[in-house]
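Work through the following exercises with the sequence and the coordinates open beside you. Each task is followed by a solution that proceeds step by step.

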Amino acid sequence: MTIKTSIAIAYGDGIGPEIMRATLHILQAAQAQIEPVVIEVGEKIYQQGYTSGIPDSAWDVLKRTKVLLKGPITTPQGGGYKSLNVTLRKTLGLFANVRPCVSYAPYVETTCSNIDLVIVRENEEDLYAGIEHRQTDEVYQCLKIVSRPGCEQIIRYAFEYAQKFNRKKVTCLSKDNIMKMTDGLFHRVFNEIAADYPTIQHEHLIVDIGTALIACQPERFDVIVTLNLYGDIISDVAAQVAGSVGLGGSANIGNQMAMFEAIHGSAPDIAGKNLANPSGLLNAAIQMLVHINQPLVATAIENAWLKTLEDGIHTGDIYSPTYSKQKVGTQEFADAVIARLGQRPSHFKPADYKPGAYTKIECYGERPQVRSKKELVGVDIFIDNPTDIPANELAAKLGALDTSLQLIVITSRGLKIWPNSTIEAPYVRHCCCRFQSGSEVNQLSAIGQEEIIKLLSALNGAGIEVIKTENLYTFDGQLGFTLAQGQ
Ligand code: NAD
């Protein structure tokens, strides 16, 4: 007797229940060897007072099954609710978001007919770490956190994925011309890891031109790896260009757990009307079947689904007078796919997931054995200056403090406003005052934390409000901070 794989199933909100029923119906008809275990997450759970949208009992199921097929969730607006998706990704260590993006022309309208790319998006770091602060009446900040292990893990995953799924090229998108430290690290690690995969081409593009090219020449891309925020944006650009927002599925992959879902939301406007296209969730389920090592079932379902599209059996969202033969509802579409199990498409390239070819990809950040020599050489002190004391006056006040550190530069939003600034009306209400152990960056000497504590105490005594400090380090003599614009 075949052992069935336990899968946690969350029906979700809005159209979630109807597309999940349709998807499970197809999986069952294709004899997928799965044992669904239903968990309740989302709107109802939020209403019961769980701000995370998931009860403790569901975590227990997830820990046991390690695989979740999830319908879309309606995130309540405002008021302390956390996005369930972000909670699941972070808590379950789902570091990679994998979104295949394919055009199905001419049966599905698209601006480009030969798209077949996969976006591998970092899922846990970047601006999505959710570390935000209000520092003054007028200024808010969001921290962008990028770690070497995080970069290594996602970039290695992208290359491993390319190798397993017979892809030819990996493109890295970053903005390292501006964010030289965070995005610069991502680009550097990309080059390092690419060297381990000589048979796979690699290239790097700045994310803005990269996004423009995805919009107008998507066929030039194969696998794309990028940071969290860029990945979020380009995923929707790519899906929109391919015309497959309602058809795309995505996988959220960790080393222990994985979650599969459609890329669209809960579509409350059409919920309960049997109008929704179940294809997005079905495609996610196909990714899931490959993940749990049922490639033959995945192949059968994908081919039946492609044949259904070719036969012009379409839900309303992709209906076209030219290529559609029959407009159907959610359940009828599922029935049409089931009726075609065992058939292959003739226009589209048939799916062919090979048994044994897709063993689970596990990737970990590599921990360096050698630690660099880290020296504290100064501090950036951010201050609230609500009375708009001009930069010259502020510098005079700071210069008179009892400290061995030298005031080097005052900046506002990254731009130098002292010394020798020619800016007409600088914004001085929120400034950063850089103190270093020496005036030249190549002559910095190590200081102790007590120097900073003494400086903070002096600032406090002078009535200057410190809102944040950022230590300045060198690592093996290399600066661990950027120079201000104009410094
Ligand atoms: P949406 O994707 O739900 O809907 C956008 C439009 O696309 C709507 O007109 C909808 O009717 C249509 N549509 C979406 N899926 C469809 C399908 N399968 N078949 C046919 N038409 C479909 O986006 P939205 O309206 O911005 O968001 C609605 C809710 O979904 C929000 O609460 C949002 O937070 C949530 N959401 C959840 C997820 C998720 O759980 N992964 C993702 C995105 C949005």
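**Exercise 1.** Determine which polar atoms of Asp 269, Ile 73 and Lys 70 approach oxygen atoms of the ligand, and state how much of the ligand the protein covers.

*Solution.* Start with Asp 269 in this predicted model: a polar atom of the Asp 269 side chain is 2.9 Å away from a ligand oxygen. Next take Ile 73, where a polar atom of the backbone, rather than of the side chain, lies 2.8 Å from an oxygen atom of the ligand. Then turn to Lys 70, whose side chain places a polar atom 3.5 Å from a ligand oxygen. Of the 820 Å² of accessible area that the ligand has on its own, the protein covers 64%. Finally, widen the view to the surroundings: 18 residues surround the ligand, and the closest are Ile 73, Asn 85, Gly 265, Ala 267 and Asn 277.

**Exercise 2.** Place Lys 70 in its strand, and work out how that strand is paired with β1 and β12.

*Solution.* Lys 70 belongs to strand β3, residues 67-70. In a regular strand, side chains alternate between the two faces of the sheet. Applied to β3, Val 67 and Leu 69 point one way while Leu 68 and Lys 70 point the other way, and all of them are buried. Now consider the partners: strand β1 (residues 5-10) runs parallel to β3 and is joined to it by three bridges, with Ala 10 standing opposite Lys 70. Strand β12 (residues 258-262) also runs parallel to β3, here through four bridges, and Ala 258 is the bridge partner of Val 67.

**Exercise 3.** Is His 314 buried or exposed, and which side chain does the side chain of His 314 meet in a polar contact?

*Solution.* Locate His 314 first, in strand β13, which spans residues 313-315. Because its relative accessible area is 0%, His 314 counts as buried, the limit for that class being under 20%. Its side chain makes a polar contact of 2.7 Å with the side chain of Ser 324. If neighbours within four places in sequence are set aside, the residues in contact with His 314 include Tyr 107, Tyr 319, Tyr 323 and Val 328.

**Exercise 4.** Find the backbone geometry of Pro 106, Pro 419, Ala 267 and Asn 420, and give the loop in which each residue lies.

*Solution.* As background, most peptide bonds are trans, and most residues other than glycine have a negative phi. Begin with the prolines: Ala 105 and Pro 106 are joined by a cis peptide bond with omega about 0 degrees, and Pro 106 sits in the loop between β4 (96-102) and β5 (116-122). The bond from Trp 418 to Pro 419 is likewise cis, with omega near 0 degrees, and Pro 419 is found in the loop between β17 (415-418) and β18 (430-436). Continue with phi: although Asn 420 is not a glycine, its phi is positive, about 50 degrees, and Asn 420 lies in the loop between β17 and β18. With a relative accessible area of 70%, Asn 420 is exposed. Ala 267, also not a glycine, has a positive phi of about 40 degrees and lies in the loop between β12 and α9 (279-291). Its relative accessibility is 23%, so Ala 267 counts as partly exposed.

**Exercise 5.** Describe how the protein is divided into domains and how far apart their centres lie.

*Solution.* Domain 1 is made up of the segments 1-93 and 265-348, whereas domain 2 covers 374-479. Taken over C-alpha atoms, the centres of domain 1 and domain 2 are separated by 54 Å.

Definitions and conventions:
Residues are numbered from 1 along each chain as its sequence is written. This is a predicted model: local features need pLDDT of at least 70, side-chain atom pairs count only at pLDDT 80 or more; totals for chains, interfaces and linings use all residues. Side-chain values use heavy atoms; hydrogens and water are left out. Helices (H or I, at least four residues) and strands (E, at least two) are DSSP runs, numbered from the N terminus. Buried means under 20% relative accessible area, exposed over 50%, partly exposed in between (1.4 Å probe, protein chains only). A polar contact is a pair of N or O atoms within 3.5 Å; within protein, one must be able to donate a hydrogen and the other to accept it, and residues adjacent in sequence count only if both atoms are side-chain atoms. Contact means heavy atoms within 4.5 Å. Domain bounds come from an automatic or database domain assignment. Two strands pair if DSSP finds at least two bridges between them. A residue is near a molecule or strand if one of its heavy atoms lies within 4 Å of it. Accessible areas come from the Shrake-Rupley method with a 1.4 Å probe; for residues, only the protein chains shown count as cover.
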